[in-house]
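Colleague: Could you take a close look at one part of this model for me, and tell me how it sits among its surroundings? I would enjoy a connected account rather than a list.

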Amino acid sequence: MTLSLSSAQTILATALDACRKGNFKPMAVVVLDERGAVRAAASEDGTSLKRFEVAHGKAYGALSLGMGSRSLFKRAKEQAFFIASVTDVIGGALVPVPGGVLIRDGSGEVVGAVGISGDTSENDEAAALAGIAAAGLVGDPGAD
């Protein structure tokens, strides 16, 4: 299964809706397919200059290593040199904090990732999970 444009747009719209309902700060959302290509992205009015890059780094890092950015956050604390090395290997696009969530289909296969940035990492992650669930897919934020 591949991540359809329709599913990516549902993830994006629902995640932003969850942000507004939660009164979160202005957000940037990036939805990537399994190849790491951008399928949908948006930055809300008032979002800071590099929020898109942070959101992309959360999603791309999760996809590159096959684990949600919550797991990458844990590894960064335990294995800082590993995360620094991988960040270099993938061209700097790795942000190891919660808010980068793998998207899995019903059989557990990774079909993409979503990254959100703008509020707390926990709120970013919650919005990503809401968007993924609305698309009928399974979010994998990683483990603590």
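**The sheet and the helix beside it**

Modeller: Happy to. Let me begin at one bridge: Asp33 has Gly112 in β4 as its bridge partner. Please keep in mind that this is a predicted model. Asp33 belongs to a set of β1 residues that point one way, Val29, Val31 and Asp33, while Ala28, Val30 and Leu32 point the other way, and all of them are buried. In other words, β1 is mostly covered, with six of its six residues buried.

What does β1 pair with? On one hand there is β4, joined to β1 in the antiparallel sense over six bridges. On the other hand there is β2, which runs antiparallel to β1 and is joined to it by five bridges. Within that second pairing, Val38 in β2 stands opposite Leu32. The two strands β1 and β2 make a hairpin, with four residues between them, and in the turn Gly36 has a positive phi of about 95 degrees.

Now let us step back to the whole sheet. Its five strands come in the order β2-β1-β4-β3-β5, the sheet is open and the pairing is antiparallel. The edges are taken by β2 (38-43) and β5, each with a single partner strand, so one side of each has no neighbour in the sheet. From one strand to the next, the twist averages 20 degrees.

Gly112 turns up again on the other side of β4. Five bridges pair β3 with β4 in the antiparallel sense, and Gly112 in β4 stands opposite Ile103. Two helices pack on the sheet. One is α1, which touches β1 (28-33), β2, β3 and β4, and whose direction makes about 20 degrees with that of β2. The other is α2, which also packs on the sheet and touches β1, β2, β3 and β4; the direction of α2 makes about 150 degrees with that of β4.

At the β5 edge, Val138 is a good residue to look at. Val138 lies in strand β5 and, at 44% relative accessibility, counts as partly exposed. Setting aside neighbours within four places in sequence, Val138 is in contact with Leu102, Ile103, Arg104, Asp105 and Ile132. For a sense of scale, Val138 and Val86 are 52 residues apart in sequence, and their C-alpha atoms are 26 Å apart in space. Strand β5 also takes part in a salt bridge: the side chains of Asp140 and Arg104 meet at 3.0 Å, N to O. Asp140 lies in β5 and Arg104 in β3, so this pair ties together parts that are 36 residues apart in sequence.

Ile132, one of the contacts of Val138, brings us to helix α5. At 1.5 Å a residue, the 14 residues of α5 (residues 121-134) should span 20 Å, and the end C-alpha atoms are indeed 20 Å apart, which agrees. Which residues of α5 are buried? They are Ser121, Asp124, Glu125, Ala127, Ala128, Gly131 and Ile132. These cover an arc of only 160 degrees around the axis, which puts them on the same side of α5. The general rule behind such a pattern is that an α-helix has 3.6 residues a turn, so residues three or four places apart point the same way. The cover over the buried residues of α5 includes α1 (5-21), α2 (51-65), α3 (69-78), β3 (100-104), β4 (110-117) and β5 (138-140). Just after the helix, Gly136 takes a positive phi of about 75 degrees.

Two of those buried α5 residues are charged partners in salt bridges. There are seven salt bridges in the whole structure. In one, Asp124 is joined to Lys58, with the closest N and O atoms 2.9 Å apart. That pair links distant parts of the chain, Asp124 in helix α5 and Lys58 in helix α2, 66 residues apart. Asp124 is buried, with a relative accessible area of 1%, and Lys58 is buried too, at 2%. In another, the side chains of Glu125 and Arg70 meet at 3.1 Å, N to O. Glu125 lies in α5 and Arg70 in helix α3, so this pair ties together parts 55 residues apart in sequence. Glu125 counts as buried at 9% relative accessibility, and Arg70 is buried with a relative accessible area of 15%.

Notes:
Residues numbered from 1 in each chain as written. Predicted model: local features only at pLDDT ≥ 70, side-chain atom pairs only at ≥ 80, totals over all residues. Heavy atoms only, no water. Expected span 1.5 Å × (residues − 1). Buried < 20%, exposed > 50% of the residue type's maximum accessible area, 1.4 Å probe, protein only. Arc of directions from axis to C-beta. Contact = heavy atoms within 4.5 Å. Pairing = 2+ DSSP bridges. Axes fitted to C-alpha atoms, helices over the stretch in contact; angles between N-to-C directions. Salt bridge = Lys/Arg side-chain N within 4 Å of Asp/Glu carboxyl O.
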